[in-house]
Amino acid sequence: MGIMAAEEIKTLSPQTVWGYFYELTQIPRPTGRMEAVTRYIVDFGNNLGLETRQDATGNIVIRKPATPGFENRKTVTLQAHLDMVPQKNSDVPHDFMRDPITAYIDGDWVRARGTTLGADNGIGVAMAMSALAGDNLQHGPLEALFTVDEEVGMDGANGLKPGFVQGEILLNCDSEEEGKLFVGCAGGADLNISFQYRKGAPLIDGDVAVSLFLSGLKGGHSGVDIHLGRANANKLMFRFLKEAVRSYGARLASISGGSLRNAIPREAKAVVTLPKDNVETLWELVADYQDLYRAEYAGIEDGIRFTAGMAEAPYILIPEEIQDDLINSVEACRDGVATMLHDFPGIVESSSNLAVVESSEGLIEIKILVRSSSESRKTALLSSLESVFSLAGARVEYGGAYNGWQPDAGSPILEVMEKVYGEMYGKKPGVTVMHAGLECGIIQGVYPGMDMISFGPDLKHPHSPDEAVSISSVSRVWEYLKSTLANIPAR
């Protein structure tokens, strides 16, 4: 099967799942812009004649009565989030606030043209919708919880109130690896850092301006991809800037790297000034660093590009003392994997993502997302990063904290899903935890008695334009979901 056009995904099997997913790709739904997609989901529920409710935060629950003969089964809540991460390649003229996603088929994968696909978590939403709409499923009392604004702050889950959902079992459809059942996840917190100054520095007579652009990095999800050793564009740019300032008389005028706290930065831009006589040697330094980065990340990053060009002279420069403190603190900032889990080999316990560095007049803002399955180690890593930037004279504030989800060794739904998987495939599923954040931990805080598990089809590179979801895996996971619903035990 070759590459096909966007509407062709509606012909894939199962057609109901892919049909709903296609409709979701046509609705702009970046985090913070939920009006259109929530209206779509509410209309969907009402058109089916099902009980449909929306809370003050925007979350939606749709309830479907049990199949005849299954009324005494435990109530199941299917859960997925409606928003998607808006990331695109710099040469793609896509407006996430207005433009639909252009999805296409590439062999066994569905991808998007130069943007994130939104399979995270659109496929989970589409499966929940298909379960609600299907008339040939066997299930007990069923409801679907569609949360809003998960990707930045998990606002939907944080806004849930007791009594909004009725499920005794929650099936979270936001995992990205078929054949694995996730029973726990990391918690997280933001560090919001700022360097402030009242007055910029004037340009130095005889200096000229040069623009720097680092691009072509893979980026990815700052949780599930953090262990892959991918380059962070902010770290690479500041590594170069330190030498450019120290050895070539460069001065920093502006910096912009990364865009989202939960995405590994793929691009960084800077404008510097320096003596005209040093421009040619700076070109050589840029080329040398491009070669260096390509060599260091060989086999991991295959498209690193580092370019420079003459720029219009900036109005002012970042003051030299602020510039130096900024460069040194970003250079010293820990980024990537910090610790690994002992009980789940190969799974990251704690990490940090130097996600955003953005300058404006009188202000430089830095955003870091710290994740950990251990509250104490999360606190320690946050404190360590706070110390680095506090020593540099920056203001550091905490925000966006959310709880992890702790494994329950005696989970009844885990036992059911292991049994169903074994009957379907003749082997045991993997049981593990995820370094990414899932809403389960927050929901568990509101509904402490709810039995939870997370699962989903194979999805590669979420939070980046390389995002892709496996067609065959979606089909298998859909059949697994149907079998699971048919085997939910009685109350």
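The following exercises, each with a worked solution, concern a predicted model of a protein.

Residues are numbered from 1 along each chain as its sequence is written. Local features need pLDDT of at least 70 and side-chain atom pairs count only at pLDDT 80 or more, whereas totals for chains, interfaces and linings use all residues, and side-chain values use heavy atoms, with hydrogens and water left out.

**Exercise 1. Overall dimensions**

Determine whether the radius of gyration of the protein agrees with that of a compact globule.

Solution.
1. The radius is taken over C-alpha atoms, and the globule rule is 2.2 Å times the number of residues to the power 0.38.
2. For 491 residues the rule gives a value near 23 Å; the protein has 24 Å, which agrees.
3. The C-alpha trace spans about 85 × 50 × 40 Å along its principal axes.
4. Of the 491 residues, 57% count as buried, that is, under 20% relative accessible area with a 1.4 Å probe and protein chains only (exposed is over 50%, partly exposed in between).

**Exercise 2. The surroundings of Gln 87**

Locate Gln 87 and classify it as buried or exposed.

Solution.
1. Gln 87 lies in the loop between strand S3 (76-81) and S4; strands are DSSP runs of E with at least two residues, numbered from the N terminus.
2. Its relative accessibility is 7%, so Gln 87 counts as buried.
3. Leaving aside residues up to four places away in sequence, Gln 87 touches, among others, Phe 96, Thr 115, Leu 260, Arg 266 and His 463; a contact means heavy atoms within 4.5 Å.

**Exercise 3. The sheet containing S4**

State the strand order of the open sheet that includes S4, and identify its edge strands.

Solution.
1. The four strands follow the order S4-S5-S21-S20, with antiparallel pairing; two strands pair if DSSP finds at least two bridges between them.
2. Strand S4 (103-106) and strand S20 (459-460) are the edges, since each pairs on one side only.
3. S20 is joined to strand S21 (residues 468-470) by two bridges, and Leu 459 has Val 469 as its bridge partner in S21.

**Exercise 4. The partners of S16**

Which strands pair with S16, and in which sense?

Solution.
1. Strand S9 (residues 187-196) pairs with S16 in the antiparallel sense over ten bridges; here Asp 190 stands opposite Leu 369.
2. Strand S15 (residues 348-360) also pairs with S16 in the antiparallel sense, over ten bridges, with Ser 359 opposite Ile 364.
3. The hairpin of S15 and S16 has two residues between the strands, and Gly 362 takes a positive phi near 80 degrees there.
4. Strand S16 (residues 363-372) is mostly covered, with seven of its ten residues buried.
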